[in-house]
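Reader: Got a minute to go through this model with me? I'd like to start at the ligand.
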Amino acid sequence: MGLNTKELIRKYGIKLTKSLGQNFLTDYNIVSRIVDTAEITKDDMVIEIGPGIGSMTVELASRAGRVAAVEIDKNLIPALEENLREFSNVEIINRDIMKVSVKDITYSKQNMKLKVVANLPYYITTPIIMKLLEEEDNDIELMVFMVQKEVAQRMVAKPGGKDYGALSVAVQYYAQPEKVFDVPPHCFIPQPEVDSTVVKLKRNVIPPVILKDKDMFFKVVKAAFGQRRKTLLNALSNYTALNKTKEEVREILNAVNIDENVRGETLSIEQFAILSNEFFEKDI
Ligand code: SAM
């Protein structure tokens with residue numbers, strides 16, 4: 001066990017940067033429960049996003065076959081290296097996760113299973129999750145993230161409620177999300193202003209719906225949620241990227257038996273799939 005988070009911060013005179021979402025975990029019980037959730041074994045390679053000074057990396061390194069820890073802030077690297085010096089299975093990568101592909105990080109993976117574990121920086125939570133899910137050629141099987149409680153609620157939301165939106169549909173298209181446990185602000189330094197939740201995303205091997213065109217699916221989803229208070233007919237016909245008149249949208253909705261007066265937020269993923277497949281058919 002290396003130095004603890006508070007000792008390392010003091011020793012290296014580290015100034016935490018709020019704009020980089022630096023809220024470090026100080027509660028080792030929480031660290032251990034996050035790593036338990038990912039069911040890490042020596043057969044796993046783990047990417048950790050934002051290791052900070054390694055509060056969770058130490059635990060990951062002692063359980064996994066390999067760890068690639070991607071940290072944007074070069075000021076944290078000396079403390080991170082000291083905290084991890086007894087481990088030979090960790091590679092520290094001083095990069096922005098948004099600018100590096102998973103394939104490049106995992107060149108040494110061989111036939112290990114790939115998992116991602118992270119206490120995510122909250123300013124960029126959704127872009128990071130979407131990047132990992134959308135990247136065509138990565139073979140991540142499981143992701144365990146600490147996110148803002150509200151984001152977790154949106155990821156798992158079902159049609160009809162206020163939390164259900166484009167993020168719910170996108171995450172549930174690519175994975176099976178599950179809320180695991182909540183984490184209060186006092187488990188971090190500095191304490192964040194929001195409650196946090198640990199979520200587990202098991203990547204879908206087979207997509208839950210068959211799409212004729214993925215871009216069209218996400219365009220329709222974006223259109224439907226872009227103007228949530230409008231009827232589906234209005235939201236879709238006002239969305240210029242779909243390039244359809246009100247009459248054309250009406251025809252498409254009729255063809256797939258969806259009421260033009262409902263709001264987008266009532267549509268299930270299956271209905272979005274059927275609808276976007278019809279839009280695609282009408283486009284070619
Ligand atoms: N894992 C540590 C812990 O649990 O105590 C730190 C988590 S802290 C919430 C988020 C970390 O992500 C910070 O260390 C921050 O510097 C890093 N970070 C922020 N943006 C990043 C990015 N784009 N790429 C990689 N790391 C990033």
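Reader: How far is glycine 52 from an oxygen atom of the ligand?
Author: A polar backbone atom of glycine 52 is 3.4 Å from a ligand oxygen atom. A polar contact here is a pair of N or O atoms within 3.5 Å. This is a predicted model: local features need pLDDT of at least 70, side-chain atom pairs count only at pLDDT 80 or more, and totals for chains, interfaces and linings use all residues. Residues are numbered from 1 along each chain as its sequence is written, and side-chain values use heavy atoms, with hydrogens and water left out.

Reader: What about the side chain of glutamine 22?
Author: An N or O atom there is 2.9 Å from an oxygen atom of the ligand.

Reader: And which ligand atom does the backbone of isoleucine 97 face, at what distance?
Author: A nitrogen atom, 3.0 Å from a backbone N or O atom of isoleucine 97.

Reader: How much of the ligand does the protein bury?
Author: 99% of the 600 Å² that the ligand exposes when taken alone. Those areas are Shrake-Rupley values with a 1.4 Å probe.

Reader: How many residues surround it?
Author: 23, with Leu25, Gly50, Glu71, Asn119 and Tyr123 the closest. To count, a residue needs a heavy atom within 4 Å of the ligand.

Reader: How does that shell divide?
Author: Into 11 nonpolar, seven polar and five charged residues. Asp, Glu, Lys and Arg count as charged; Ala, Val, Leu, Ile, Met, Phe, Trp, Tyr, Cys and Pro as nonpolar; the others, Gly among them, as polar.

Reader: Switching topic. How many salt bridges in the whole structure?
Author: The search finds 17. Each is a side-chain nitrogen of Lys or Arg within 4 Å of a carboxyl oxygen of Asp or Glu. One of them joins lysine 18 and glutamate 193, with the closest N and O atoms 3.8 Å apart.

Reader: Why does that pair tie together parts far along the sequence?
Author: Because lysine 18 is in the loop between α1 (5-11) and β1 (24-25), while glutamate 193 is in the loop between β8 (188-189) and β9 (196-203), parts 175 residues apart in sequence. Helices (H or I, at least four residues) and strands (E, at least two) are DSSP runs, numbered from the N terminus.

Reader: Is the peptide bond from isoleucine 189 to proline 190 cis or trans?
Author: Cis, with omega near -20°.

Terms used. Polar contact = N/O pair within 3.5 Å; in protein donor to acceptor, adjacent residues only side chain to side chain.
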